[in-house]
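This report describes a single protein chain for readers at the bench. Please keep the sequence and the coordinates at hand while reading.

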Amino acid sequence: SEMSVRIVAVGPRDTYQVRGTRLIDVDKGKQNIVLTGWIRAQDVTAVNTIESARIADAQLAYQSPGPLGKTKSGLLTRVVGLVWP
């Protein structure tokens, strides 16, 4: 997958701090993915892309308004869960 980022800070020796966001739909809910990290100018390709392995101090954050990864249980599972430890 690809993600667009912007340069938010300039560091020493042709390094740049980048940040980008992407909104995706997962399980009928919207999640915002935020990517931040540092890149070197020489790692940017001729088509203005960079491999994720070339992003130093990369951080990927998922922001969701509801509980993330919580599945809904069926009736039988809830009943068994009440009597079974």
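## Overall architecture

Read from the N terminus, the elements of the protein follow the order β-β-β-β-α. The secondary structure thus consists of one helix and four strands. The model is a predicted one, and local features are reported where pLDDT is at least 70.

The protein has 85 residues, of which 14% are buried. Its accessible surface amounts to about 7400 Å², and carbon and sulfur atoms contribute 54% of that area. Among contacts with a separation of 6 or more, 30% join residues that lie 24 or more positions apart.

## The largest pocket

How much space lies in the largest pocket? The volume is about 690 Å³. The lining comprises 24 residues, and those closest to the centre of the pocket are Met 3, Ser 4, Val 5, Leu 35 and Ile 50.

Four strands each supply at least two residues of this lining: β1 (6-10), β2 (15-26), β3 (29-40) and β4 (56-63). The largest share comes from β2, with four residues. In terms of residue class, the lining has 15 nonpolar residues, five polar ones and four charged ones.

## Salt bridges

Side chains of opposite charge can pair when their charged atoms come close. A salt bridge is assigned here when a side-chain nitrogen of Lys or Arg lies within 4 Å of a carboxyl oxygen of Asp or Glu. By this rule, the protein has two salt bridges.

One of the two joins the side chains of Lys 30 and Asp 25, with a distance of 2.9 Å from N to O. Lys 30 is partly exposed because its relative accessibility is 47%, a value in the range between the 20% limit for buried residues and the 50% limit for exposed ones. Asp 25 has a relative accessibility of 57% and therefore counts as exposed.

The side chains of Asp 43 and Arg 40 also form a salt bridge, at 3.0 Å from N to O. Is Asp 43 buried or exposed? Asp 43 is buried, because its relative accessible area is 15% and the buried class covers values under 20%. Its partner Arg 40 has a relative accessible area of 36% and is therefore partly exposed.

## The loop between β3 and β4

Ala 41 is located in the loop between β3 and β4. With a relative accessibility of 33%, Ala 41 is classed as partly exposed. Which residues does Ala 41 contact, leaving aside its neighbours within four places in sequence? The contacts of Ala 41 are with Asp 14 and Tyr 16. Ala 41 and Thr 15 are separated by 26 residues in sequence, while their C-alpha atoms are 6.2 Å apart in space.

Asn 48 is also placed in the loop between β3 and β4. The relative accessibility of Asn 48 is 65%, so this residue counts as exposed.

## Backbone angles

Most residues other than glycine have a negative phi. Which sign does phi take at Asn 48? Asn 48 is not a glycine, yet its phi is positive, at about 65°.

Asp 57 likewise is not a glycine and has a positive phi, of about 50°. Asp 57 belongs to strand β4, whereas Asn 48 lies in the loop between β3 and β4. Asp 57 is exposed because its relative accessible area is 62%, and the exposed class begins over 50%.

Technical notes: Residues numbered from 1 in each chain as written. Predicted model: local features only at pLDDT ≥ 70, side-chain atom pairs only at ≥ 80, totals over all residues. Heavy atoms only, no water. 1 Å grid on protein atoms, 1.4 Å probe; cavity = no way out; pocket = protein on both sides within 12 Å on 5 of 7 lines; lining within 4 Å. Points joined across faces, edges and corners; volume = space filled by probe spheres on them. Nonpolar A, V, L, I, M, F, W, Y, C, P; charged D, E, K, R; others polar. Buried < 20%, exposed > 50% of the residue type's maximum accessible area, 1.4 Å probe, protein only. Contact = heavy atoms within 4.5 Å. Areas by Shrake-Rupley, 256 points an atom, 1.4 Å probe, with all protein chains shown as cover.
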